[in-house]
Amino acid sequence: MSNSTEIIRQFLNWFQTVMSRHNPSKKRVIIIIDGLNKMDDRDNAHGLIWLPHSFDKKARVIVTTAPGETFDVMKKRKCQLVEVSSLEEGERKSFLRMYLALASKKLNDKQEFLIAATPQCSNPRFLQTLLDDIILFGEHEELDKRIQHDLKALNTSQLYDIVLERLENDYDKQKKGIVREFLSLIWASRRGLILDDELAPLLEQKGIDEGDWSSFYVVAEELLLSNASGLLNFSNMDVRTAVENKYLNREIKVKSVHTTLATFFLGNPDLTERKLEELPYQLERAGKLDKLKQLLVDFRVFERLYRAEHKYDLYRYWREIEKNTMFTAEEAYKHALARGNFPAGMIVSHMLYHLGAFLEDMTKYSTAEAMYLKSIEFYEKASQKLEVSKVYVALGSMCSNLGRTEEAEEMLRRAESIYESEKGSEAPELAEVLNKLGILFSNTNRFHAAKAVLTRALQIAETSFGKGSLKASDIMYSLGCVYLSDVVNRDLEQAEKLFIDALSIKEKELGDWDPEVSHIVNRLGSLYLEQDQFNDAEDCFTRALLIREKKLGEGHSRVAQTLKHMITLYEMQELYDKAMEVGEKARAIFQRTYGKEHLHYAAVLLRLGSLSWAKSEARGTPAKEKPIAKEISRKYLNEAKSVREKILGPGHKLTKQVEDILSLLDPKPVVRSTKEFKLKTKPKPTPEKKPTISSVPPLSLIHISEPTRLL
């Protein structure tokens with residue numbers, strides 16, 4: 001059981017206990033959760049999957065959060081929103097009196113008026129920080145000067161800077177850099193530092209022992225710090241900004257403190273969870289990408305990082321390495337495998353399978369396939385038939401996505417055969433195999449077969465895993481795609497219902513920001529596009545794009561798939577400049593992912609060429625821009641034709657498709673002989689007109705064939 005699952009279970013158990021055992025009279029219970037945005041973001045915590053969507057009617061739940069992911073989730077749940085507005089002058093005076101009274105402090109009327117009348121004090125955090133500084137300030141005779149000095153700050157971050165200056169004067173009289181080093185190390189950590197096990201020894205390395213920093217820590221804990229999950233971190237972003245501006249305002253300082261932390265965690269011989277969280281992060285931020293590469297090719301590290309809670313970090317680290325060095329993930333792991341230095345106790349077949357899945361996620365398809373096939377060799381030697389079947393499913397899915405449909409079906413049929421022979425016709429594993437087969441059938445326009453196999457898959461999934469399971473959600477999504485894609489028997493109402501049901505399960509189980517949510521949202525956008533619901537479609541595509549860019553990276557092929565949908569969205573509204581903008585982004589991603597000699601790259605070139613042509617014919621296009629747009633169209637279409645000719649041959653239907661569009665773009669003139677005119681003695685029937693640009697239907701009505709993918 002994962003930690004996040006355990007937390008959800010324990011939270012719900014605690015809530016039920018509070019509502020029953022500790023509340024026998026059934027009175028109203030108020031639960032306050034302050035600072036959702038400050039939670040550790042591991043295990044998708046900011047997706048709030050741990051927080052129930054509804055509570056007992058006797059409960060009232062109040063949460064606070066800053067703008068961001070947690071706020072967006074709560075807003076989507078249609079919770080009652082109350083914005084904390086600025087404090088009026090009277091409210092400031094009341095607040096400062098009550099707050100100071102809690103510390104047995106009081107100001108005179110002049111001081112109260114000065115603070116209450118200052119505009120910055122309308123910000124509750126600014127006012128509270130100011131009052132905390134007043135409480136800790138020990139020189140009563142100098143208090144007027146102190147208040148005036150604090151009020152020079154224009155915002156909370158600047159006020160914290162003044163507070164830091166005072167803390168340095170009060171707690172670092174020997175100029176050892178206690179405040180600077182203490183706070184800089186916390187700033188550079190990924191999620192905070194453990195006080196005794198990490199921060200204390202780090203400070204000791206710099207000649208600052210516990211006797212030096214303990215008094216400062218007592219005060220800083222009140223003013224600046226929070227201690228969540230045993231990790232010491234800043235209480236808010238304003239503190240972090242102040243520390244950064246004061247102590248880490250140069251790149252060399254930033255890299256130096258990250259290097260210090262990297263060296264510290266590198267010195268720990270054990271592969272602890274804290275080391276996995278901090279070491280690769282510190283190496284990346286310190287610019288030590290060669291050492292980061294060496295760390296990631298350690299198969300122990302790879303196996304630990306390629307888990308749900310860390311794998312998006314792994315993708316990001318490798319993207320950073322590939323972007324800024326000559327190293328690539330596939331070559332690095334191939335060299336590591338060639339050396340054969342596998343850790344003791346490691347199951348090599350499992351590791352090869354995980355490596356194949358990782359490289360597939362990174363769009364390194366040829367090497368991913370090699371890893372999958374190698375893992376099959378190991379599994380077959382160990383007579384692990386079910387594990388072999390698992391790899392066939394992965395290979396079949398990848399081949400299907402790459403358009404290698406015959407190979408894909410062969411792999412999936414092999415998996416189906418193994419599961420049925422080993423575990424029977426209702427084996428739970430068959431749900432996934434049949435789902436992949438259904439997707440394949442839909443992609444190859446075998447819609448009747450797709451519906452049949454997916455219906456069977458859904459029955460197995462709901463029986464084996466439950467109606468609200470993720471497996472069932474996957475199959476609902478696939479069925480929805482079939483109802484959307486089947487032009488002859490299209491049922492948009494049924495498709496929308498299946499998508500929404502699938503989306504509801506994914507959001508509940510995975511949160512709003514999981515990449516699997518983006519697949520369904522993307523397809524919902526396509527459905528709304530079919531119904532000319534452009535605003536709804538744009539909302540869906542924008543959400544899918546944000547999720548994919550955040551979780552998979554801006555250069556991932558699935559980002560490009562969403563951008564391709566947005567091309568159609570803007571083209572249908574004749575917003576050609578917007579369509580070209582997203583199209584160019586998609587083209588750049590496909591070029592980096594597949595290279596220039598690939599059908600996906602040719603397809604997006606065809607879209608861009610068609611768009612430019614449509615722009616050249618649009619009434620709203622200025623006359624001077626029309627020939628330029630037409631020339632750009634010709635360039636893209638000729639390049640698309642060249643790519644398809646090279647891959648498919650000159651006689652292939654997809655190559656001829658581009659040729660046909662080019663012939664419409666540049667129609668040949670009708671030439672009649674002089675003899676025809678001389679012999680003309682009686683009227684002849686008007687010859688049938690050949691198509692010209694003016695007679696061509698709008699580009700949105702011209703079908704552009706390309707491989708279909710359920711993405």
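**Close-up views of a predicted model**

**View 1. T70 and its neighbours in helix α2.** T70 belongs to helix α2, which runs over residues 69-76. The coordinates shown here and in every other view come from a predicted model. With a relative accessible area of 2%, T70 falls under the 20% cut-off and therefore counts as buried. Look for the side chain of T65, which makes a polar contact of 2.5 Å with the side chain of T70. Leaving aside residues up to four places away in sequence, T70 touches L36, N37, H46, L48 and, once again, T65.

**View 2. S122 in the loop between α4 and α5.** Here we move to a loop: S122 sits between α4 (109-117) and α5 (124-136). Is S122 buried or exposed? Its relative accessible area is 16%, under the 20% limit, so S122 is buried. Residues up to four places away in sequence are not counted among its contacts, which are S86, L87 and R92.

**View 3. Helix α7, from its cap to its buried residues.** At the N-terminal end of α7, N155 acts as the cap, with a side-chain oxygen 3.2 Å from the backbone nitrogen of S157. A quick length check may please you: the 16 residues of α7 should span 22 Å at 1.5 Å a residue, and the end C-alpha atoms are indeed 22 Å apart. The buried residues of this helix are T156, S157, L159, Y160, I162, V163, L164, R166 and L167. Among the elements that cover them are α5, α6 (143-150), α8, α10 and α11.

**View 4. The buried side of helix α11.** Near the start of α11, a side-chain oxygen of N236 comes to within 2.9 Å of the backbone nitrogen of D238. Within the helix (residues 237-247), V239, A242, V243 and Y247 are buried. These residues lie on the same side of α11, because the arc they cover around the axis is only 100°. Their packing partners are α7 (156-171), α8, β4 (231-234) and α12 (251-266).

**View 5. Aromatic pairs, with F182 and W213 in focus.** How many aromatic pairs does a search of the whole structure find? The count is 18. One pair is formed by F182 and W213, tilted at 55° between the planes and 6.0 Å centre to centre. This pair joins distant parts of the chain, 31 residues apart: F182 is in helix α8 (residues 178-188) and W213 in helix α10 (residues 210-223). Both F182 and W213 are buried. Elsewhere, ring pairs connect F299, F302, Y306, Y312, Y315, W318, Y333, F342 and F358 into a cluster.

**View 6. Two lysines over aromatic rings.** K293 lies over the face of F327, 4.4 Å from the ring centre. In the companion panel, the charged end of K550 sits over the ring of W513, at 4.7 Å from its centre.

**View 7. R548 in helix α27.** Which helix holds R548? It is α27, residues 534-552. The relative accessible area of R548 is 0%, so this arginine is buried. Two polar partners are worth finding in the close-up: the side chain of R548 reaches the backbone oxygen of R558 at 2.8 Å, and a polar contact of 3.0 Å joins it to the side chain of T562. For orientation, V517 is 31 residues from R548 along the chain, with 9.6 Å between their C-alpha atoms.

Technical notes: Residues numbered from 1 in each chain as written. Predicted model: local features only at pLDDT ≥ 70, side-chain atom pairs only at ≥ 80, totals over all residues. Heavy atoms only, no water. Phe/Tyr/Trp six-rings, centres within 6.5 Å; stacked < 30°, edge-to-face > 60°. Helix = DSSP H or I, 4+ residues; strand = E, 2+ residues; numbered from the N terminus. Buried < 20%, exposed > 50% of the residue type's maximum accessible area, 1.4 Å probe, protein only. Lys NZ or Arg CZ within 6 Å of the ring centre and 35° of its normal. Arc of directions from axis to C-beta. Contact = heavy atoms within 4.5 Å. Polar contact = N/O pair within 3.5 Å; in protein donor to acceptor, adjacent residues only side chain to side chain. Expected span 1.5 Å × (residues − 1).
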